[in-house]
Amino acid sequence: MQNSLRFFLLLFALSLPALALRAQVRDLGDVSIKIDAKTIAVTVSGATPELDQLANVAFNAHGRFRRVSSGGAFDIRFAPAAGGQVEAQIRKGGAVVATQAFSGSSQRQALFRAADFAVERVSGLKGFFASKLAFIVERGGKMEVHTGDLFFGEVRQITRDNSQALKPRWSPDGRKLLYTSYFKNGFPDIYQIDLSSLQRTAFVTFRGTNSSARFSPNGQQVAMVLSGEGNPEIYVSTAQGRQVARRTRTAAVEASPCFSPDGSQLVYTSDAAGGPQLYIMPAGGGQSRRLATNISGYCAEPDWSRGNPNLIAFTVRVGRGYQIAVHDLSGRTPTRIVSKAPGDAIEPVWLADGRHLIYTQRSPNARRLFILDTETSRSTAISAAGVQVSEASVHGP
Amino acid sequence: MKLLPKTLSFTLLACAVLFAGCSKKPKRPSPSDTVLGQGAGAGALDPSAADLGAAGLVDPSAAGLQNRSGVFEDENMIKGLIQPVYFDFDSSAIKASERAKLQEAQKYLSEHADHRLLLEGHCDWRGTAEYNLGLGDRRAAAARQYLESIGVASAKIEIRSKGDLDAIENAAEDQMAKDRRAEIIILKK
């Protein structure tokens, strides 16, 4: 009796921590099962410290992957190869399943291309590490256009207008940018700058505000906002800024036109219904229809995904702040808020896979660019803290 | 100061610093020219002013200092002579309380036939840049529309939107209300 009681007590005592452990494990287990279903565990390494560091920074920003130190589903290795190339090697269970070498304008760019190859082979998603960015850096009230790679390497100052530059946008061939600047006479005009010569030419300089210029996907047209006829309206011109034709005529504010991936439609912001909302119209002109997102009284700055033509990202007011939302034109998923920024999340621009995007985190007198995985809401800073960086535009890959 | 855009006030400050540094031979004022010298004689310094260090201040907060709401004028323009038209949040309607400022502008133009107006629309820093640029445009246009309704020729009016570019961030609500405005700038040419 004594012994059996002792035995039960011992059993009970032993089971206490086990119970606690089990509760803990179950909690962690739920999370990890969820992650397992959505992420692919990979080991990522480079043969040199530079490649190792950069490859890990890149994969860390990708929501489809979970980096592990061992036992991943795939082992992805990068190594310098002949002629400044970088070779990607993908192993599964010790066996090499793919190897390919990539060149680039630098070893850094070659690595991004090799890493994009690895992303595509392992996940089936289009890679985006080799994207180029244009963005605004603000210093002492001056706003200048800069370019760089996705992880803020090879940053180059493009404008030295000593003024306020706004909204740089890539041409589809990556050779030019359109942007708005107050530099010449204090009025906002649209300029085009050639990235090889840094030659700047006036694109559109009508009376009133000339802003928000964006190329069509084939580079042959430019949509923009002009207020020279009395009210901000959407216009479309040739790639040379000629044959400017009005597309809207309302008493409301129109803003932020963006072409659909096939170039046939425009999505834009209008407050014709009271607050700013999204509208879609044929790019050649015609009837516009409101995109009922039913998510916020303030929907602005839409960006139509090339990677997934059903998706439009935009900025919504939530309470007193702003967050990024995604609307699915196919109707398969409801319109949803995808960012959880501590301050504001604004200025979304899609990356090539139709899943990740870049946005600006804004707090008073601070701007910083982040990569956001719209499926997991994982958000990774790409510009440094303490530098005011905003208004990203993406080119490629 | 509140009325001047950030950049302009910075420029003014920079000029002030520049000119201060440029004067070749600072003229020393003759002691007899100073207020103290003219008054009670050299020995009659106010004893309470002799130790005017921080410790001697009752209230060091400097809360009594006020921004200069002055007029800035150069060969091209006059800023601050007519007060800005203020708008409600997300609105571009001219409030009845703001009409007197536009009436003053109309009166000014009738007395200065060769001058014109630049109406400059502004927004607070909340919201999004491109929509705010449009909102600034519409605020300026609303002011223009009112001016035209009281007889100002449209050729006399230029419009510019600064959107939220010059807005003060992290401001209290009363400052943000001051960012929602149309500046009335007089163009002398």
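A cavity, for the purposes of this tour, is a set of grid points where a 1.4 Å probe fits but cannot get out. The model in the viewer is predicted, and a search of the whole structure finds three such cavities of 30 Å³ or more.

**First stop: the largest cavity**

Begin with the largest cavity, which has a volume of about 100 Å³. To centre the view, select A:Lys167, A:Arg169, A:Arg214, A:Glu301 and B:Glu130, which lie nearest the cavity's centre among the 15 residues that line it. Next, show the strands of chain A as ribbons and pick out β9 (165–170), β13 (210–215), β17 (254–259), β21 (299–304), β25 (344–350) and β29 (388–395), since each of these supplies at least two residues of the lining. If the lining is then coloured by residue class, six nonpolar, two polar and seven charged residues should appear.

**Second stop: the second largest cavity**

The second largest cavity has a volume of about 60 Å³. From chain A, select A:Arg317 and A:Tyr322, and from chain B select B:Phe89, B:Asp90, B:Cys123, B:Asp124, B:Arg126, B:Gly127, B:Asn132, B:Leu135, B:Arg139 and B:Arg180, which together line this cavity. Which element gives the largest share of that lining? It is α4(B), with three residues. Colouring this lining by class gives four nonpolar, two polar and six charged residues.

**Third stop: α3 and α4 of chain B**

Stay with α4(B), and now select helix α3 (residues 99–111) of chain B together with helix α4 (residues 129–149) of chain B, whose axes come within 10 Å and cross at roughly 60 degrees. That angle is why α3(B) counts as oblique to α4(B), and the crossing of the two helices is right-handed. For the contact itself, show the side chains of B:Arg99, B:Leu102, B:Gln103, B:Ala105 and B:Gln106 in α3(B), which meet B:Ala143, B:Tyr146 and B:Leu147 in α4(B). The residues of this contact comprise five nonpolar, two polar and one charged.

**Fourth stop: α2 and α3 of chain A**

Move to chain A and select helix α2 (residues 49–60) with helix α3 (residues 107–123), which pack at an angle of about 45 degrees with their axes 10 Å apart. α2(A) and α3(A) are therefore oblique to each other, and α2(A) passes α3(A) in a right-handed crossing. On the α2(A) side, display A:Leu51, A:Leu54, A:Ala55 and A:Phe59, and on the α3(A) side display A:Gln107, A:Arg108, A:Leu111, A:Phe112, A:Ala115, A:Ala118 and A:Val119, which these residues of α2(A) meet. Nine nonpolar residues, one polar and one charged make up this contact.

**Last stop: two backbone details in chain A**

Most residues other than glycine have a negative phi, and most peptide bonds are trans. With that in mind, select A:Glu154, which has a positive phi of about 50 degrees although it is not a glycine. Where in chain A does A:Glu154 lie? A:Glu154 is in the loop between β7 (142–149) and β8 (156–157). Finally, select A:Gly396 and A:Pro397 and inspect the peptide bond that joins them, which is cis, with omega near -5 degrees. A:Pro397 is found in the segment after β29 of chain A, and β29 is one of the strands that supply residues to the lining of the largest cavity.

Key
Residues numbered from 1 in each chain as written. Chains lettered and ligands numbered in written order. Predicted model: local features only at pLDDT ≥ 70, side-chain atom pairs only at ≥ 80, totals over all residues. Heavy atoms only, no water. Axes fitted to C-alpha atoms, helices over the stretch in contact; angles between N-to-C directions. Helix = DSSP H or I, 4+ residues; strand = E, 2+ residues; numbered from the N terminus. Parallel < 35°, antiparallel > 145°, perpendicular 65-115°, else oblique. Left-handed = near helix turned anticlockwise from the far one by under 90°. Contact = heavy atoms within 4.5 Å. Nonpolar A, V, L, I, M, F, W, Y, C, P; charged D, E, K, R; others polar. 1 Å grid on protein atoms, 1.4 Å probe; cavity = no way out; pocket = protein on both sides within 12 Å on 5 of 7 lines; lining within 4 Å. Points joined across faces, edges and corners; volume = space filled by probe spheres on them.
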